[in-house]
Every structure is written in structure tokens, then in C-alpha cells.
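Thanks for coming, everyone. I'll put the structure up and walk you through it.

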Amino acid sequence: MGSELEERIDEVAELIVNSKRVVVFTGAGMSTESGIPDFRSPGGTWTRVKPDDSKKRAWRMLSMLRMMELVQPNPAHYAIAELEKLGKLDCVITQNVDGLHQKAGVPEEKVIELHGSLKWVKCLGCGRRYATEEIARRIEQGVEEPTCDDCGGMFKSATISFGEPMPVKEAKEAERRSRSCDLMIVIGSSLAVFPAAWMPVYAKESGAKLVIINVGDTPIDRHADVRISESAGKAMSKVMERVKSKLAT
Ligand code: ZN
């Protein structure tokens, strides 16, 4: 690792030590390090099943659940959870749907999921929400096409597909938190999907410092106080090591 990178890692650690309310914004680059494909990309596995194919839909729900059980947080998720333990974390705003921040130890109420979650499925008829696990259990018990108890409607995963708008409540809360943090750290997002990608702009506008850790360019790189082009796990592990040693002295 070059000394220039070391310097930037140190700058990020210093910003964290001097901050009270850190908002972390995460994207697909976080999850790919846990072996999860980018679900929402056009043509991705989860978007291409025709709604009239009930067996495929059932299969998809089961595989979703299995995958959720199998995938594990990576060092970047644990580094963010450490921010929480240090009392620095205001919240995580994520474009990911895999629930890995919670699995790493960030409390549910501190994770704002802009694109929904694989933990839930929604009735297409009345909008009632069910735990994916419960519906998957019905499929495993032999129900070929589970339907809504209330209206008989079909289920769809409670994630936002490419091109769909963000949920209003989450988007508003994310904007509010972005505007009131003193440090925003973007990790593993190319900030290509708007309006989600406005969050770091709101933070910067409101006077917060901005760190962007992502392999590859983002449209707002020039606004970043520190810019690191490195994998999320590697960079964040080093950052947190540095933070802890600074706090210990
Ligand atoms: Zn229903």
C-alpha cells in the first residue's frame, strides 16, 4: 500500500474522531464483496421472471431466502458496526436490499433502506407486507403459489426495481439525516442512481465533510474532502484500526 493511500486513510480516521454524527451511505460495491450480485441492474436474475410464472416466482422466493441465510457481512460491514459501538454512527443509508448491515450489528432503526429489503414481500393486490421467511415456509410445505390471506393477491419482493421511485418515507428521512450529519462516508457506490445519489450532495451543502470510498469514479468526486479508490473492506478495516488507535491515545 502506497504512502499516499496511508495518508488518506489517516485523514478519514481523523475526520471520524472529530465527528459526532456520521452518516454512512452504501451501495452495491459493499455487497459484491460478500458475493452478492447487483440485484437491481437491468437484466439481473431477480428482475427477469415473468409474473405469470408461479413456479419460477416461488423458486425465486426460496432462493432469495436461502441466499439471505447464507451471505455474511464482510469487513466493511463490521467496520461500520464498530462506528456504532463507538457512538459515532447516526445512521446507515443504503441502496442494498440484503440486510447485511443489520446482520453485522447495526440496529434495525439505524438502517434506512432506500431500495427496500429482501426480508419482506408485498401483496400486489392490497399492499400487505409479509416476512419472506413466512411465505418461503409455505412454499416449502408444498403450496405451489402462495397468495395473500386478505385478498388472494400475488406476492412480489418488497424491493424497488430499476426505474421505480424510492419509498417516500425513507427518502425523506434519508434527506433529513444527510442534512444534519457532520460527516458523510460514501462506501461502494458509484452514485449513479438518482435521487439516492443526492444524499451526499445534501450533506455537503449543509456543511458536512464528505468522504468517498469507491473503486471507480463518481459524479461528485470533486466535492469530496477525501477520495479513496479502494475496496470497501480493505479501506474501512484500515480506517477503523486507525480510529481506534487515535482514540486510545
Ligand atoms: Zn393482499
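Look at V92 first: its bridge partner in β3 is V111. That is one contact point between two parallel strands, β2 and β3, which three bridges join. Keep in mind throughout that this is a predicted model.

Stay on β2, residues 89-94. How many of its six residues are buried? Six of the six, so β2 is largely enclosed by the rest of the structure. Its other neighbour is β1, residues 22-26. Five bridges join β1 to β2, and these two run parallel. T26 is one of the residues involved, with T94 as its bridge partner in β2.

Now zoom out to the whole sheet. It is open, with six strands in the order β3-β2-β1-β7-β8-β9, and the pairing is parallel. The edges are β3, at 111-113, and β9, at 226-228; each of them pairs on one side only. From one strand to the next, the twist averages 15°. Helix α1, residues 3-17, packs on this sheet. It touches β7, β8 and β9, and its direction makes about 130° with that of β9.

Two of those strands deserve a closer look. β7 covers residues 183-187, β8 covers residues 209-213, and five bridges join them in parallel. L183 has K209 as its bridge partner in β8.

Follow the chain out of β7. The loop between β7 and α8, where α8 is 199-205, holds P195. The peptide bond from F194 to P195 is cis, with omega near 10°. The same loop, between β7 and α8, also contains L191. Phi of L191 is near 50°, so we have a positive value in a residue other than glycine. As background, most residues other than glycine have a negative phi, and most peptide bonds are trans. Is L191 buried or exposed? Buried, at 1% relative accessibility.

Next, the metal. Which residues coordinate the zinc ion? C123, C126, C148 and C151, each through SG, at 2.3 Å. The angles subtended by the four donor atoms run from 94 to 116°, which makes the arrangement tetrahedral. The spacing of the donor residues in sequence is C-x2-C-x21-C-x2-C.

The site ties distant parts of the chain together, through the pair C126 and C148, 22 residues apart. C126 is in the loop between β4, 116-123, and β5, 129-131. C148 is in the loop between α6, 132-140, and β6, 155-159.

Now accessibility, cysteine by cysteine. C123 is buried, with a relative accessible area of 2%. C148 is buried as well, at 5%. C126 counts as partly exposed, at 43% relative accessibility. C151 is partly exposed too, with a relative accessible area of 40%. And disulfides? The count comes to zero.

One last residue, E145. It lies in the loop between α6 and β6, the loop that also holds C148. At 34% relative accessibility, E145 counts as partly exposed. How far is E145 from A58 in sequence and in space? They are 87 residues apart in sequence, and 6.6 Å apart in space, C-alpha to C-alpha.

To recap: a six-stranded open sheet with parallel pairing, a tetrahedral zinc ion arrangement, and a cis peptide bond from F194 to P195. Over to you.

Notes: Residues numbered from 1 in each chain as written. Predicted model: local features only at pLDDT ≥ 70, side-chain atom pairs only at ≥ 80, totals over all residues. Heavy atoms only, no water. Pairing = 2+ DSSP bridges. Helix = DSSP H or I, 4+ residues; strand = E, 2+ residues; numbered from the N terminus. Axes fitted to C-alpha atoms, helices over the stretch in contact; angles between N-to-C directions. Contact = heavy atoms within 4.5 Å. Donors = N, O, S within 2.8 Å, 3.2 Å for Na, K, Ca; no water. Tetrahedral: all angles 85-135°; square planar, octahedral: opposite > 155°, others 65-115°. Buried < 20%, exposed > 50% of the residue type's maximum accessible area, 1.4 Å probe, protein only. Disulfide = S-S within 2.5 Å.
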